[in-house]
Amino acid sequence: DYDFNNPEQTSSYNADPEPADLAKLQTVTNLSPGCAQKPGYCTEFNSTTLVDLDPDFLIVHGYAHNPWGFANFTQQVLSVFPQNKIIYNDISLEGSECDDHAN
């Protein structure tokens with residue numbers, strides 16, 4: 001329930017960024033600028049800007065050792081960015097690479 005016209009107002013969702021966090025995000029390069037005011041799910045990704053930035057690493061939201069949230073990850077990222085510089089932030093707790101947890 002973030003109000004783009006009133007960024008000082010705090011969202012009622014705990015997971016949403018606070019106004020100070022949003023202000024900080026306005027100062028960095030946005031690789032998905034068309035998603036800013038699009039409600040719901042957005043898969044836009046500007047791979048040209050990624051190449052121009054030439055980051056040391058790219059952290060990608062993943063699930064079960066696969067990228068999540070990209071319409072076409074191979075075309076958008078793997079074709080232009082070295083795979084050994086991609087870090088998957090995997091949200092799954094299953095698979096041969098995941099540790100067992102007691103909880």
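**Asp54, Ile86 and the overall fold**

Me: Starting with Asp54, is that residue buried or exposed?
Reply: In this predicted model, Asp54 has a relative accessible area of 55%, so it counts as exposed, the cut-off for that class being over 50%.

Me: And where does Asp54 lie?
Reply: Asp54 sits in the loop that runs between helix H2 (47–53) and strand S1 (58–63).

Me: What about phi there?
Reply: The phi angle of Asp54 is near 50°, which is a positive value in a residue other than glycine.

Me: Switching to Ile86, buried or exposed?
Reply: Ile86 is classed as buried because its relative accessibility is 9%, and buried means under 20%.

Me: Which strand is Ile86 in, and what does it touch?
Reply: Ile86 belongs to strand S3, which covers residues 86–90; leaving aside residues up to four places away in sequence, Ile86 is in contact with Leu58, Val60, Phe73, Val77, Leu78 and Phe81.

Me: How far is the C-alpha of Ile86 from that of Phe57?
Reply: The two C-alpha atoms are separated by 5.7 Å, although Ile86 and Phe57 are 29 residues apart along the chain.

Me: Zooming out, what pattern does the protein chain follow?
Reply: The protein chain has 3 helices and 3 strands, and read along the sequence they come in the order α-α-β-β-α-β.

Me: How much of the chain is buried, and what area is exposed?
Reply: Of the 103 residues in the protein chain, 18% are buried, while the chain exposes about 7900 Å², with carbon and sulfur atoms supplying 49% of that area.

Me: What share of contacts is 24 or more positions apart?
Reply: Among contacts in the protein chain with a separation of 6 or more, 51% are between residues 24 or more positions apart.

Technical notes:
Residues are numbered from 1 along each chain as its sequence is written. This is a predicted model: local features need pLDDT of at least 70, side-chain atom pairs count only at pLDDT 80 or more; totals for chains, interfaces and linings use all residues. Side-chain values use heavy atoms; hydrogens and water are left out. Helices (H or I, at least four residues) and strands (E, at least two) are DSSP runs, numbered from the N terminus. Buried means under 20% relative accessible area, exposed over 50%, partly exposed in between (1.4 Å probe, protein chains only). Contact means heavy atoms within 4.5 Å. Accessible areas come from the Shrake-Rupley method with a 1.4 Å probe; for residues, only the protein chains shown count as cover.
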